[in-house]
Amino acid sequence: MKSKPTLSSIEGTWRFNDNVAENFDKHVNQSIPHYKDIQQYVTALSEWFIKDNTLIYDLGCSTGETIKNICKLDVSTNFKIIGYDNSNKMISLAKKKLNLKKSSIKNGRIKIQLKSLDVLKIQKFKKSNLFISILLFPFLNLFERKKLIKNIYKSLSPGGGFIFVEKIRSKNSHFEDILNQMYFDFKLRKQLTEKQILTKSKSLRSSMHLFDQNTTQALLKQCKFKNFEVFYKCFNFIGYIAIK
Ligand SMILES: C[S@@+](CC[C@H](N)C(=O)[O-])C[C@H]1O[C@@H](n2cnc3c(N)ncnc32)[C@H](O)[C@@H]1O
């Protein structure tokens, strides 16, 4: 049986509003191919960058899934992880998931801080060894991405990592067509209805900014990241690891 629509808010322009936040964990698993695997790969990659007293940023942390997974890593060092999201509701759900009564706690070796904040308004991050951002970029235009990546590069320690996952356009229209249709088939298999798929697609027209791989890679180089590699790709979803 097909599931009932849970995201009434997808009528009109897509926003991460309270209704989307409340249904986010279910929705993201139905909408992103191999979402759990992506989480697992990003968490595993983090191990290369966590040293004693490392500061980690998760930009666009939503309900805190990545932070929860990183906190479960079997590493014996102290580290601090800061999650930012500009949705109050996402941050309050993340606090619930991570069992945080306040915005900031120290849980043994790990300090966690969560804040509702627009990452584009941050002038300067603290010195950090790892930035993570899963699927924030599709909601930033090229100018915003450039500003943010430059800021990330400046704050990273030499050898520090920037792990991000984004959605792209294919390099030519034939592949774009094939991969998008594969993606819609995936959503149907995940029990989303045709109407839900089309309504979401329409709602994203003015809120999602997608570019091809060449654009992302040129942007990384412009922002001084010369050393990067793809660690994941499925349809038009792609994960990069860049090292300063
Ligand atoms: C697709 S979700 C990210 C998913 C999440 N990283 C995960 O792994 O489950 C995008 C998130 O970015 C947040 N966001 C969008 N623009 C933002 C901005 N300028 N500053 C902070 N958060 C933003 C949204 O509220 C949303 O929670």
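What share of the 244 residues in the protein is buried? In this predicted model, buried residues make up 32% of the 244 residues. The secondary structure comprises 8 helices and 8 strands. The radius of gyration is 18 Å, close to the 18 Å that the globule rule gives for 244 residues, so the protein is as compact as a globular protein of that length. Along the principal axes, the C-alpha atoms fill a box of roughly 50 × 40 × 30 Å. Among contacts with a separation of 6 or more, 77% are accounted for by residues 24 or more positions apart.

The buried nonpolar residues were examined next. In soluble globular proteins, nonpolar side chains tend to be buried together. In the present model, the largest nonpolar core has 48 residues, of which I56, I81, F131, I132 and F162 touch the most other members. Strand β6, spanning residues 156-167, gives the largest share of this core, with 5 residues. For I81, one of the core residues that touch the most other members, the contacts were listed individually. With residues up to four places away in sequence left out, I81 touches I56, D58, I67, I70, I110 and I112. I56, itself listed with I81 among the core members that touch the most others, is thus also a contact of I81.

The ligand is surrounded by 19 residues, and the closest are F16, G60, N86, I134 and L135. Two or more residues of this shell come from each of the elements α3 (65-71) and β2 (79-85). By class, the shell consists of 11 nonpolar, 5 polar and 3 charged residues.

Strand pairing was analysed for β6, β7 and β8. Strand β8 (residues 237-243) pairs with β6 in the antiparallel sense over 7 bridges. Strand β7 (residues 227-234) also runs antiparallel to β8, and 7 bridges join the two. On the β6 side, V165 has G239 of β8 as its bridge partner. On the β7 side, the bridge partner of Y232 in β8 is G239. G239 is therefore bridged both to V165 and to Y232, given that a bridge partner is assigned to it in each pairing. In addition, K233 stands opposite I238 of β8. Strands β7 and β8 form a hairpin with 2 residues between the strands, and in this hairpin F235 takes a positive phi near 50 degrees.

Positive phi values also occur in loops. N53, which is not a glycine, has a positive phi of about 65 degrees. This residue is placed in the loop between α2 (35-46) and β1 (54-59). A residue counts as exposed if 12 or fewer other C-beta atoms lie within 10 Å of its own; N53 has 11 such atoms within 10 Å and is therefore exposed. Q191, likewise not a glycine, has a positive phi of about 75 degrees. The loop that holds Q191 lies between α6 (173-189) and α7 (194-203). Q191 counts as exposed because it has 11 C-beta neighbours inside 10 Å.

Conventions:
Residues numbered from 1 in each chain as written. Predicted model: local features only at pLDDT ≥ 70, side-chain atom pairs only at ≥ 80, totals over all residues. Near = placed C-beta within 6 Å. Helix = DSSP H or I, 4+ residues; strand = E, 2+ residues; numbered from the N terminus. Nonpolar A, V, L, I, M, F, W, Y, C, P; charged D, E, K, R; others polar. Core = buried A, V, L, I, M, F, W, Y, C linked by C-beta atoms within 7 Å. Buried ≥ 20, exposed ≤ 12 C-beta atoms within 10 Å, placed from the backbone. Contact = placed C-beta atoms within 7 Å. Rg over C-alpha atoms; globule rule 2.2 N^0.38 Å.
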